[in-house]
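Hello,

Here is the structure I promised to pass on to you. Please have a look at it first, and then read my notes below.

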Amino acid sequence: MTQFGQGNITSTGNNLDLALSGSGFYIVSDNGALSYTRDGAFQVDQNGYLVTSSGQQVQGYQPHRHLAATDVDAHVARCTGRNAGKCH
């Protein structure tokens, strides 16, 4: 049985490890086939891509060049929780 419940969030010492608080999934690609995971144990592969422990590439959006880091943070904050999936 697949478990989708919230687990404990603990520090791993790996700066690439991420945790989801609440609902949501990371989108990953395995040779173009998209799937979803809650496992945030990430690493960088030999080509510089952020990947899962099984080598699936983590998907994301490139921010617009004219946005400052604070603008990106505000956009991310607006696009999480109840609004997840409604922003682009």
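Y36 is exposed because its relative accessible area is 57%, over the 50% that I take as the cut-off for that label. The residue belongs to strand 2. Along the chain Y36 and Y26 are 10 residues apart, and their C-alpha atoms are separated by 5.6 Å. Please keep in mind that this is a predicted model.

Y36 also has a part in a nonpolar surface patch, which it makes together with F4, F25, I27 and L34. The patch comes to about 550 Å². F4 sits in the segment before strand 1, and that strand covers 26–30. With a relative accessible area of 52%, F4 is over the 50% cut-off and so counts as exposed.

As for the overall layout, the protein has one helix and five strands. Read from the N terminus, the order is β-β-β-β-β-α. The protein has 88 residues, and 14% of them are buried.

Which residue has a positive phi although it is not a glycine? That is N31, with a phi of about 55 degrees. Most residues other than glycine have a negative phi, so you may like to look at this one on your screen. N31 lies in the loop between strand 1 and strand 2. Its relative accessible area is 81%, and N31 is therefore exposed.

Next, two loops that you can view together. G40 is in the loop that joins strand 2 (33–37) and strand 3 (42–44). Is G40 buried or exposed? G40 is buried, because its relative accessible area of 8% falls under the 20% limit. S53 is in another setting: the loop between strand 4 (50–52) and strand 5 (57–58). S53 has a relative accessible area of 57%, so this residue is exposed. From C-alpha to C-alpha, S53 and G40 are 9.2 Å apart in space, with their positions 13 residues apart in sequence. G40 can also be paired with V51: these two are 11 residues apart in sequence, and the C-alpha to C-alpha distance is 9.6 Å.

Finally, a pocket. The second largest pocket holds about 340 Å³ of space. It is lined by 16 residues, of which N8, L18, A19, L20 and R38 are the closest to its centre. What is the lining made of: how many nonpolar, polar and charged residues? Five are nonpolar, eight are polar and three are charged.

If you open the model with a surface on, I would begin with the patch of F4, F25, I27, L34 and Y36, and then turn to the loop that holds N31.

Best wishes

Methods:
Residues numbered from 1 in each chain as written. Predicted model: local features only at pLDDT ≥ 70, side-chain atom pairs only at ≥ 80, totals over all residues. Heavy atoms only, no water. Patch = residues over 30% accessible without salt bridge, like charges linked within 9 Å, V, L, I, M, F, W, Y side chains within 5 Å. Areas by Shrake-Rupley, 256 points an atom, 1.4 Å probe, with all protein chains shown as cover. Salt bridge = Lys/Arg side-chain N within 4 Å of Asp/Glu carboxyl O. Helix = DSSP H or I, 4+ residues; strand = E, 2+ residues; numbered from the N terminus. Buried < 20%, exposed > 50% of the residue type's maximum accessible area, 1.4 Å probe, protein only. 1 Å grid on protein atoms, 1.4 Å probe; cavity = no way out; pocket = protein on both sides within 12 Å on 5 of 7 lines; lining within 4 Å. Points joined across faces, edges and corners; volume = space filled by probe spheres on them. Nonpolar A, V, L, I, M, F, W, Y, C, P; charged D, E, K, R; others polar.
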